[in-house]
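Trainee: Could you take me through one part of this model closely? I would like to look at how its aromatic rings pair up.

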Amino acid sequence: MLGRHTAAGRRVALTALGALALTGATSAAAAEPPPAVPASTAAQTLGADRPPAALLRALERDLKLKPGQAAKRLVNEAEAGVRAGRLRNSLGDRFAGAWLRGATAAELTVATTHAGDVSAIQAQGAKAAVVKRPLSELRAVKQKLDAASARVKTRDTPVWYVDVPTNRVVVQATKRSAATAFIKAAGVRGKGVGVRVSEHRPRLFADVVGGEAYYINGSARCSVGFSVTKGTQQGFASAGHCGSAKDETTGSNMAEQGTFQASTFPGKDMSWVAVNSDWTATADVKGEGGQRTQVTGSVQALVGASICRSGSTTGWHCGTIEQHDTSVSYSEGTVDGVTETTVCAEPGDSGGPYLSGSQAQGVTSGGSGDCTSGGTTFYQPINPILNDFGLVLKTASAQKGVPAPQDNGAATWAAGRVYEAGTTVTVAGVRYQCLQTHQAQGRWSPVATPALWQKM
């Protein structure tokens, strides 16, 4: 994806094709933005209190919201993430997931395996669900399915995932007999695994088509994801199936652009491209009509949260997050740990970014359906890409330095490190616990961001 040229005519701004996008150019006839929603600490931290008017219009269009509901929804989603994070930490092994419901995401539900936790959950303004299985048990069941997928054919069982609202693992299959055989092969029969019969088979979205994008070895087209840096090297993240290490890329104007530095597919669906000196990485994302906004972080959104996507074939479209930790069996191989959404996409959209508010979520992997009749898409989460490849997300207030070595235990906080929810760090002798998975920004010290960190 190309941006603006300098006076020299050669230098181009590299723009991440982002899901935080805008639905069209502003005109004199455009409706006034809805009234501002009172800001909260979380909304201010994540930028949810100041969304672009075009983003709100896109959410209203695709989620069929009334004027004003989109702005309220973004603030509610930001607040809910904090409350869910606090409850995840306090419930520990009893935690069984969290999700959002309602037009404005006003209803947060947190599940636990112990009825004694209900009052504590309600005290955080959430609805309590008492269920049989903790999230850790559901993930263990899914891991057995992941392992079985390496031994048996999964053409007729293309998707499996942890479904937190129903407190079970679900296998999506083209026929029930295929799901039964897969469940048996994984040794998880009787472990609370449900079956969803569907004729849809997800496919990858990389095709040889025209339009704004980037091209791989002069032929196949994908969409730029998020701008990143590695040390002083600039580049962008995208999908792994788009290209292999050392493949060359050109921009939408067919000018030389860069080289794939690393790519993982199948297993995961991630890659990153280092660009040459004619390109400049920015925090911008681009929507319809050429409008831009900026990415401010990578805080992972909850199930049920709104999300928007941009791609070089279909542009901006919005929907909601269905579930995290999904496995998809494409004909080219199985990918684990992707997120399923109700957003549509089509060939050529692969690699393009998804955002919830101004927070980067991931890059398009594949899906089924189209943007005429509707569809389902899966994205590779951005934080694992940053972590695996040692990248720093380009944001509006960029942090300095390089990613610190990853450590799942207690560690000193450092900008550029990806922190999983529940991780503990030490700052000035005080311990903090992470509330929401994210890559740390320089301005997001635990001391200053109660939306992301809880003092222990």
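**Aromatic pairs and a helix end**

Mentor: Start at a helix end in this predicted model. Gly-390 comes right after helix 7, and its phi is positive, near 65°. Helix 7 itself covers residues 382-389, and its buried residues are Ile-382, Asn-383, Ile-385, Leu-386 and Phe-389. Look down the axis of helix 7: these buried residues fall within an arc of 160°, so they line one face of the helix.

Now the rings. A pair of aromatic rings is described by the distance of the centres and the angle of the planes. The whole structure holds 5 aromatic pairs. Take Trp-160 and Phe-182. Their ring centres are 5.0 Å apart and their planes stand at 70°; edge-to-face means over 60 degrees, so this pair is edge-to-face. The pair joins distant parts of the chain: Trp-160 sits in strand 5, Phe-182 in helix 6, and 22 residues separate them. Buried means under 20% relative accessible area. Trp-160 has 0%, so it is buried. Phe-182 has 2%, so it counts as buried too.

Next, Tyr-354 and Tyr-379. This pair is tilted, with 4.7 Å from centre to centre and 35° between the planes. It also links distant parts of the chain. Tyr-354 belongs to strand 21 and Tyr-379 to strand 23, 25 residues apart. Tyr-354 is buried at 0% relative accessibility. Tyr-379 is buried at 1%.

Finish with a cluster. Ring pairs link Tyr-214, Phe-236 and Phe-260.

Definitions and conventions: Residues are numbered from 1 along each chain as its sequence is written. This is a predicted model: local features need pLDDT of at least 70, side-chain atom pairs count only at pLDDT 80 or more; totals for chains, interfaces and linings use all residues. Side-chain values use heavy atoms; hydrogens and water are left out. Buried means under 20% relative accessible area, exposed over 50%, partly exposed in between (1.4 Å probe, protein chains only). Helices (H or I, at least four residues) and strands (E, at least two) are DSSP runs, numbered from the N terminus. The arc is that of the directions from the helix axis to the C-beta atoms. Rings of Phe, Tyr and Trp (its six-membered ring) pair if their centres lie within 6.5 Å; planes under 30 degrees apart count as stacked, over 60 as edge-to-face and the rest as tilted.
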